[in-house]
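The following exercises concern backbone geometry and ligand contacts. Each task is followed by a solution in steps.

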Amino acid sequence: MRIAMIGTGYVGLVSGACFSEFGVSVTCVDNDARKIERLRQGEIPIYEPGLDQLVASNVAAGRLNFTTELKPAITGADAVFIAVGTPSRRGDGHADLSYVYAAAREIAASLSGFTVVVTKSTVPVGTGDEVERLIRETNPAADCVVASNPEFLREGAAIRDFKFPDRIVVGTSDERARKVLGDIYRPLSLNQAPMMFTARRTAELIKYAANASLATKITFINEMADLAEKVGADVQEVARGIGLDNRIGSKFLHAGPGYGGSCFPKDTLALMKTAQDNAAPLRIVETVVAVNDARKRGMVRKVASALGGNLRGKTIAVLGLTFKPNTDDMREAPSLAIVTALQDAGATVRAYDPAGMEQAKKVLENVEYSDGPYACAEGAHALVIVTEWEQFRALDLDRLKREMASPVIVDLRNVYRPDEMSRHDFAYESIGRGRRP
Ligand SMILES: NC(=O)c1ccc[n+]([C@@H]2O[C@H](COP(=O)([O-])OP(=O)(O)OC[C@H]3O[C@@H](n4cnc5c(N)ncnc54)[C@H](O)[C@@H]3O)[C@@H](O)[C@H]2O)c1
């Protein structure tokens with residue numbers, strides 16, 4: 001089988017490399033010439049554990065290659081996947097589909113023979129219809145079917161998620177398209193991954209419904225954490241107590257500074273807009289979005305209260321900038337709102353992140369970057385853990401205390417235990433672990 005992957009970002013590169021690992025011949029296309037050049041040099045433009053080896057071995061085996069030229073990649077391909085970005089449109093929060101539509105037009109012009117055009121990007125309901133219309137308009141003779149195949153991988157665990165998905169959703173009612181996608185994904189169904197065929201619009205909505213329900217679960221436990229603090233309860237035990245109920249499940253019940261990243265914020269917003277346009281408002285999702293937006297900046301109140309209410313002139317060490325561990329992705333990371341709010345309150349921010357500092361430098365101003373957690377803590381009045389990277393889980397607390405101007409830790413990921421902190425004489429704030437009044 002031969003496929004082309006249009007868009008070689010977090011989703012396109014991981015999916016392309018994984019498909020090639022199954023034995024499919026994959027050409028990854030991107031219009032960012034620098035990105036393609038780096039990939040051709042064997043350099044991986046994103047941080048994703050295990051991806052460098054996966055790409056290198058499949059390039060060496062001749063099954064995976066990279067190009068900026070669409071036409072040769074598409075000619076003779078059984079399927080062409082669209083995996084370009086769908087960010088929030090400036091101003092109104094709708095998904096910006098300009099990259100998807102541009103890709104559709106470019107693909108249309110180069111189609112030859114029967115081809116399945118597969119939308120892997122997260123797109124609002126009805127986008128498949130428009131992609132199909134654009135292709136027919138550009139190339140009326142094209143023999144192609146447009147299918148939806150939303151992607152559910154998580155950055156940081158993307159390869160495993162792709163190879164062992166909870167399910168594969170394919171939206172098409174065309175038998176030929178089902179056969180092609182069934183063949184491409186066959187190695188995964190051998191791994192027992194359930195493959196679900198449904199209508200295209202349903203597949204498009206499944207992706208948004210999944211992300212909105214996960215964002216809701218996170219926001220629910222975050223609000224429960226606020227209540228736990230007020231009433232002297234421990235949100236981690238509440239999460240365990242409800243998570244052991246199979247109807248609820250234990251995942252996505254970790255209270256923190258609010259969800260961020262390249263998907264939940266933009267997808268909840270886009271879903272909300274689709275719902276409003278269709279006169280079926282999703283009030284739960286609207287509330288989740290509002291609660292989460294307020295939460296990130298509000299985390300700074302915890303830092304201020306740990307320092308007696310005033311941040312002016314204080315140096316704050318921030319550990320972790322990416323929206324979650326094991327990625328360099330800074331899109332909508334809670335750290336962006338937190339760092340800015342700390343600076344607005346008059347603090348100087350010093351930061352360290354194991355993989356995200358290069359990206360952070362592009363979006364955060366006036367931050368002093370450090371080489372490691374202890375250098376970051378030097379002379380700081382408080383240390384704030386924003387992202388739970390493994391290397392922050394077992395810090396040498398005595399060394400940290402020696403580096404700091406005052407022993408104050410604000411742990412927004414509940415990485416440490418309060419008793420451990422008081423044994424080391426730290427003033428310690430965390431999320432949702434109330435003290436009995
Ligand atoms: N990042 C995730 O964890 C994740 C998970 C599931 C779904 N998704 C969805 O997948 C889609 C892609 O997300 P991403 O994070 O990989 O985006 P990304 O920004 O990392 O990558 C998109 C790539 O597409 C390229 N591109 C844009 N237009 C192009 C064109 N016409 N021709 C060729 N290349 C083009 C860009 O240069 C870029 O390299 C989005 O819709 C996103 O919502 C992302």
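**Exercise 1.** Determine where N414 lies in this predicted model, and decide whether N414 is buried or exposed.

*Solution.* Begin with the location: N414 belongs to the loop between β13 (408-411) and α18 (418-423). Next, consider the backbone: phi of N414 is positive, about 50 degrees, although the residue is not a glycine. For context, most residues other than glycine have a negative phi. Finally, take the accessibility: buried means under 20% relative accessible area, and N414 is therefore buried, at 9%.

**Exercise 2.** Repeat the analysis for N326: in which loop does this residue lie, and how does its accessibility classify it?

*Solution.* The loop that holds N326 runs between β9 (315-319) and α14 (334-344). Its phi is near 65 degrees, a positive value in a residue other than glycine. Because its relative accessibility is 30%, N326 counts as partly exposed.

**Exercise 3.** Describe the surroundings of the ligand, from the shell to the individual polar contacts.

*Solution.* First, define the shell: 26 residues surround the ligand, and D30, K35, T86, E155 and K266 come nearest. Second, classify these residues: eight are nonpolar, nine polar and nine charged. Third, examine contacts to ligand oxygen atoms. A polar side-chain atom of T86 lies 2.6 Å from one such atom, and K266 also places a polar side-chain atom 2.6 Å from a ligand oxygen. Y10 contributes through its backbone, with an N or O atom 3.0 Å from an oxygen atom of the ligand. Fourth, assess burial: the ligand alone exposes 840 Å², of which the protein buries 90%. Last, assign elements: α1 (10-21) and α5 (98-110) are those that give two or more residues to the shell.

Notes: Residues are numbered from 1 along each chain as its sequence is written. This is a predicted model: local features need pLDDT of at least 70, side-chain atom pairs count only at pLDDT 80 or more; totals for chains, interfaces and linings use all residues. Side-chain values use heavy atoms; hydrogens and water are left out. A residue is near a molecule or strand if one of its heavy atoms lies within 4 Å of it. A polar contact is a pair of N or O atoms within 3.5 Å; within protein, one must be able to donate a hydrogen and the other to accept it, and residues adjacent in sequence count only if both atoms are side-chain atoms. Accessible areas come from the Shrake-Rupley method with a 1.4 Å probe; for residues, only the protein chains shown count as cover. Helices (H or I, at least four residues) and strands (E, at least two) are DSSP runs, numbered from the N terminus. Ala, Val, Leu, Ile, Met, Phe, Trp, Tyr, Cys and Pro count as nonpolar, Asp, Glu, Lys and Arg as charged, and the others, Gly among them, as polar. Buried means under 20% relative accessible area, exposed over 50%, partly exposed in between (1.4 Å probe, protein chains only).
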